[in-house]
Amino acid sequence: MMLSETNKLDAVSDGKRRWMYPLVRKDKLYQYRSWLSYIYLILFFAAPYLRINGQPVLLLNVIERRFVLLGQVFWAQDVFMFVLAMLVFVVCVVLFTIAFGRVFCGWVCPQTIFMEMVFRKIEIWIEGSPKQRRLLDQGPWNKEKILKKTGKHIAFIVLSFIIANTFLAYVIGSESLLRIITEPVNRHWSGFASIWIFTGLFYFVYSQVREIVCTVICPYGRLQGVLTDKHTLMVAYNYLRGEPRGKLKRPSEEPKGDCVDCGLCVDVCPTGIDIRKGTQLECVNCTACIDACNQVMNKINKPLNLIGFYSEEMIEQKVKPSFTGRMAAYSSVMVILLGALTYFILQRSDIDITVMRSAGLLYQEQPGGYISNIYSADIVNKTNKIQSVKLVANNAGVKIRYIQPLSKLDKEQSVRTTFFMLIPASLIHTTKTEIKLKVMQGNKVLGTASTTFIGPIN
């Protein structure tokens, strides 16, 4: 099978790294990808600094176990909801893969967006076309090569530094990042080191590793063979229409397929594959080959989409896409998980309270015929407002006497309070009495907790 001129070097199996020099052909799908990328990049760089009710749009502070999504703060006590949200995301990706193959990789994945829509464009702007870049890499280290390579890598480092800062803002928050940037370095050694570690990592990925992330490192591509089947829509070559391939036929020649064997579909592929060989792990469904092939089909007055979104069933049987049982099953799972996540979010209280009776201590007899137990309570304020609260028991006759006073909770803070719970001995009928506690702000219940009271049997 003939490979195009610009990818012959990539086809040499000599055990060395095969550098890719993909050609960019701008057509309808490329323009759609570009606009989607612009929206993604604007949101990526702006999100850490946007606020909803005083909270960032997205924060994933693993260190402090504090997560924010669309202005809602989630703490360690809410980690099950975070896990549930991750499950929803995973099922959504699986369902999308079953239906549309690896389109997520080519259109939404940050690795592809930054590589193809940012770093690749900078490389083309500085070093030129694929042929010029190849000749530059193969040529001697003259003045032109030194200037272009230096300029490109400086641009890559600067951009990696900006991405690293933004990434860190998602982890520690934009306020903490601004303190690291504006205050003396000796106050924030760990933050300063983190910025440069991530800068080096991003620079290494986008200047050296590149498509290897998609073809070797990322496990998602390896799941494609398990998740996809003959019903899955993905970027594919319609071999029934295209074969036998060859140059445009003359009237006296044998009939040929629509593929003129120009090799452009290989030229534009960022992972260097030939889509005409069938579905391959390295294909990220970026649709670059569709644009390139459609341009050729336009020129030779042939129908478009020789390469297009097809399932194996569509090509072989010429039928429309179908909604299969697998798709229905995963859709049902996703709806159930989304329903559960929505329920827990709606039922989530502003205050989280955990009450523990002091271990190893029995009840104490108090003046006035009361029996007391001692407790400690951890109370977390999940809101961005200061809350003035008090503890109230549902059970009749129960009194609370604080050892550590409880008056107010600072925003997004937790406090620990210690208190005695006193119950008249006449109201105790079992060794263990269940007590319901409420965290009250005025007449409003902010949170609830249950505990047990140990006492004598009358």
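The side chains of Lys436 and Glu434 form a salt bridge, with N and O 3.5 Å apart. The structure described here is a predicted model. Lys436 is partly exposed, at 37% relative accessibility. Glu434 is also partly exposed, at 48%. Both values fall between the 20% limit for buried residues and the 50% limit for exposed ones.

This pair belongs to a wider search. Across the whole structure, 19 salt bridges were found. One of them joins Lys152 to Glu123, at an N to O distance of 3.0 Å. Lys152 lies in helix H6, which spans residues 143-172, and Glu123 lies in helix H4; the pair therefore ties together parts that are 29 residues apart in sequence. Both partners, Lys152 and Glu123, are buried.

A further salt bridge links Asp229 and Arg326, whose closest N and O atoms are 3.0 Å apart. Asp229 sits in the loop between helix H10 (220-227) and strand E6 (234-237), while Arg326 sits in helix H15, so this bridge ties together parts that are 97 residues apart in sequence. Asp229 is partly exposed, with a relative accessible area of 26%. Arg326 is partly exposed too, at 29%.

Salt bridges also join into a network. Its members are Glu116, Arg120, Glu123, Glu127, Arg133, Asp137, Lys149, Lys152 and Arg210. The buried residues Lys152 and Glu123 are thus part of a linked set of charged side chains.

Helix H4 was examined further at Thr112. This helix covers residues 110-127, and Thr112 lies within it. Thr112 has a relative accessible area of 6% and is buried. The side chain of Thr112 reaches the backbone oxygen of Cys105 at a distance of 2.6 Å. Cys105 also appears among the contacts of Thr112 once neighbours within four places in sequence are set aside. The other contacts on that list are Arg33, Gly106, Met117 and Cys214.

Phe67 offers a second buried site. Phe67 is placed in strand E4, residues 66-69. Its relative accessibility is 9%, which puts Phe67 in the buried class. With neighbours within four places in sequence left aside, Phe67 contacts Leu59, Leu60, Asn61, Val62, Gln72, Val73, Phe74 and Phe82. Pro56 is eleven residues away from Phe67 in sequence, and their C-alpha atoms are 9.8 Å apart.

The surface carries a nonpolar patch. Val79, Phe80, Val83, Leu87, Tyr343 and Phe344 make up this patch, and together they have about 540 Å² of accessible area. Helix H2 (79-100) and helix H15 (325-347) are the elements that each give two or more residues to the patch. The largest share comes from H2, with four residues. One patch member, Phe80, is placed in helix H2. Phe80 is partly exposed, at 41% relative accessibility. This value meets the patch requirement of over 30% relative accessible area, so Phe80 can count towards the patch although it does not reach the exposed class.

Helix H15 thus appears in two settings. Helix H15 holds Arg326, the partner of Asp229 in a salt bridge, so it takes part in a tie between parts 97 residues apart in sequence. Helix H15 also contributes to the nonpolar patch.

Conventions: Residues numbered from 1 in each chain as written. Predicted model: local features only at pLDDT ≥ 70, side-chain atom pairs only at ≥ 80, totals over all residues. Heavy atoms only, no water. Buried < 20%, exposed > 50% of the residue type's maximum accessible area, 1.4 Å probe, protein only. Polar contact = N/O pair within 3.5 Å; in protein donor to acceptor, adjacent residues only side chain to side chain. Contact = heavy atoms within 4.5 Å. Patch = residues over 30% accessible without salt bridge, like charges linked within 9 Å, V, L, I, M, F, W, Y side chains within 5 Å. Areas by Shrake-Rupley, 256 points an atom, 1.4 Å probe, with all protein chains shown as cover. Salt bridge = Lys/Arg side-chain N within 4 Å of Asp/Glu carboxyl O.
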